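Subject: Handing over the structure

Hi there,

Thanks for offering to take this one on. Here is the structure, and below it you will find my notes on what turned up.

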Amino acid sequence: MFSQVSAVGSNIMRIGAGHTDAGEGITNTKRYLEEIANARLFFSNITLGLRYELDDLSEVGPSFQGLRRRWTEYAKDKLTLQAGDVYALYGRGLTMNAFESRPLNYDSWLDGIKGEYEYAWSKDEYDFRPSLGVKMIAGKLNYRDIVDSTHILTVSSQAFNTQLGLFGKKVLVGGSFLHANTSYPELSFGSQVFTLREVNQPEFYVNFFTGALEGFFQYAQVRTNLTQIFGEQKDSNHTGNAFYGSLSYSGEDLGLTFEYKNYGYYIHPAREPNKPTYFSKLPISNPPEVYKEFTYTSLTRTTHSVNFDDELGFQIEANITAIPENVITLYAAASSWHNSYDDTLHLTGTTDILPKFSGTTYYPFWEYFVEVEHEFGGLDYLKLFAHRRSEVIHAAPLEEQSSTTIGAKLQYETSKSQSFLASFEHQWMTSYQRIINDHKFLNELLTVQYSFNPIITFGGVLDFCTRYEESRHIWPQVFVSFRIGGSHTVLASFGSERGGLNCTGGICRVVPAFDGARVTITSQI
């Protein structure tokens, strides 16, 4: 009996000590200790999972000690049942996409149950080889706001998905339905009261594959009924919509991808008070952001923060491999809000299909990117890129911001087990929120590292900015990473980190600058 039991585990310990930048020349002491231990036990058809966390203090979000995750899963043939902490993704997530991002303090997993089952008919039974899959999830979520973790939205939800496949799943037709009730605590004359709402969200989608071509289209409708506002019985209704579509082509020498979004979960004036909390999309509904998540630091630091309640736009990307030993990437994206309003919240313009760039109150965003990668053979390569971005940011007052960035990244294998990696990024920035008359400044970033594979890697980062009116404009850092045996890795860094935006799946938070030491120990058992 015991010979049929196996186990795997992992452990991450993160330690940090230093200071963070609170703005206006104010620094706060920052200390954190995070211990995350994951374990899984595998029986014949049953998996038991546990995650223990000790956050004392946590780097992001509230401190915690105890079992953060625990679940039991039964899987046999095409049937899967799970109880405990569960997540799901239906289609591209317009209705159901519960996920976790620890760096953002974003967690929309449910405490409940989920199940999945699929049956496929053989070709001998039907030439078009149909299949039928069903999925369900139900549970409760206490969602903490990523900015103010003291704000907790309670969500009780149930969702169902069914998907019909034809021709060996070359054509997929699916539909989902979600029902949820939310409770949000408010303060009214010093007392805590609650705002309650009921959400019903149907959707359908189509996915097809025809050789080198793939298409996906999904539509969701959000029907919200507010039953209580500030503790008083109300009956207020709103219906929103969300659409996502993509087409992609994959050939021998060319790959093309086009994505389009039209998210109107709750279209409203930007400065309209209170109601966005009530009618906004649920935290378990997370559609695609429809813009590229870059790996270059200068581009991610000022990336676009999606307004899922009110935004339409597109992105297109081409990957060209026709030239031997070279890969060329061409990319462009654009988006805006649907409506424009004046200072009195009166509607002054609207767009339904394509983003609008004629007025700042549409909050327009656009960017384009070119990258050329040349492979020298083995692990050696050189990347060159150029990027241009412009955006109007929803703030008080509005912030107009643009940037032009160029850079290079080189990896060179100096010997059979040693390699050198260097990257350089140069950025021209224009920000009309700058407190002096000159709105232009420069950002420079240099990273170098040397690796004795796979034992030790060391290097440094130099981050520099010509925004001299700020309290700091240079951030140096050194780091070293080494492996202990085949299961443990230690990463240590000392110096300064500039901070900026951190985004995952279109969800963003501002990371403050940090000055101090960090140590991360990762173990795989």
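Where does Pro454 lie? You will find Pro454 in the loop between β24 (440-452) and β25 (456-465). Before you go there, please keep in mind that this is a predicted model.

**Backbone points**

I began with Pro454 because of a general rule: most residues other than glycine have a negative phi, and most peptide bonds are trans. The bond joining Asn453 and Pro454 is cis, with omega at about -10°. There is also a cis peptide bond from Asp56 to Leu57, where omega is near -10°. Leu57 sits in the loop between β3 (46-55) and β4 (64-76).

Two residues are worth a look for their phi angles. Asp77 is not a glycine, yet its phi is positive, near 55°. This residue belongs to the loop between β4 and β5, and Asp77 is exposed, with a relative accessible area of 75%. Phe167, which is not a glycine either, has a positive phi of about 55°. Look for Phe167 in the loop between β10 (152-166) and β11 (171-188). At 42% relative accessibility, which falls between the 20% and 50% cut-offs, Phe167 counts as partly exposed.

**The cysteines**

How many disulfides does the structure hold? There is one, and it joins Cys503 to Cys508, with an S to S distance of 1.9 Å. The torsion about this S-S bond of Cys503 and Cys508 is about 115°, so the disulfide is right-handed. Cys503 has a relative accessible area of 18%, so it is buried, and Cys508 is buried too, at 12%.

Cys465, by contrast, is in no disulfide. The nearest cysteine sulfur to Cys465 is that of Cys503, 19 Å away, whereas a disulfide needs two sulfurs within 2.5 Å. Cys465 is also buried, with a relative accessible area of 2%.

**The nonpolar core**

Which residues touch the most other members of the largest nonpolar core? They are Met96, Ile137 and Ile284, in a core of 45 residues. Several strands give two or more residues to this core, among them β9 (131-144), β12 (191-210), β13 (213-229), β14 (232-250) and β29 (507-511). β10 and β11, the strands on either side of the Phe167 loop, are also on that list.

Met96 is a good place to start looking around. This residue lies in the loop between β5 (79-86) and β6 (100-101), and its relative accessibility is 0%, so Met96 counts as buried. Leaving out residues up to four places away in sequence, Met96 touches Ala88, Leu89, Tyr90, Ile137, Ala159, Leu178 and Ile284. Both of the other residues named with Met96 for the core, Ile137 and Ile284, are thus among its contacts. Met96 is also brought together with a part of the chain distant in sequence: Asn286 is 190 residues apart from Met96 along the chain, and their C-alpha atoms are separated by 6.9 Å.

From the other side, Ile284 is in contact with Met96 and with Thr95, Asn97 and Ala98, again leaving aside neighbours within four places in sequence. Further contacts of Ile284 include Ser108, Leu110, Leu141, Ser157 and Leu178. Leu178 also appears among the contacts of Met96.

Happy browsing, and best wishes!

How values were computed: Residues numbered from 1 in each chain as written. Predicted model: local features only at pLDDT ≥ 70, side-chain atom pairs only at ≥ 80, totals over all residues. Heavy atoms only, no water. Buried < 20%, exposed > 50% of the residue type's maximum accessible area, 1.4 Å probe, protein only. Helix = DSSP H or I, 4+ residues; strand = E, 2+ residues; numbered from the N terminus. Contact = heavy atoms within 4.5 Å. Core = buried A, V, L, I, M, F, W, Y, C linked by side-chain atoms within 4.5 Å.
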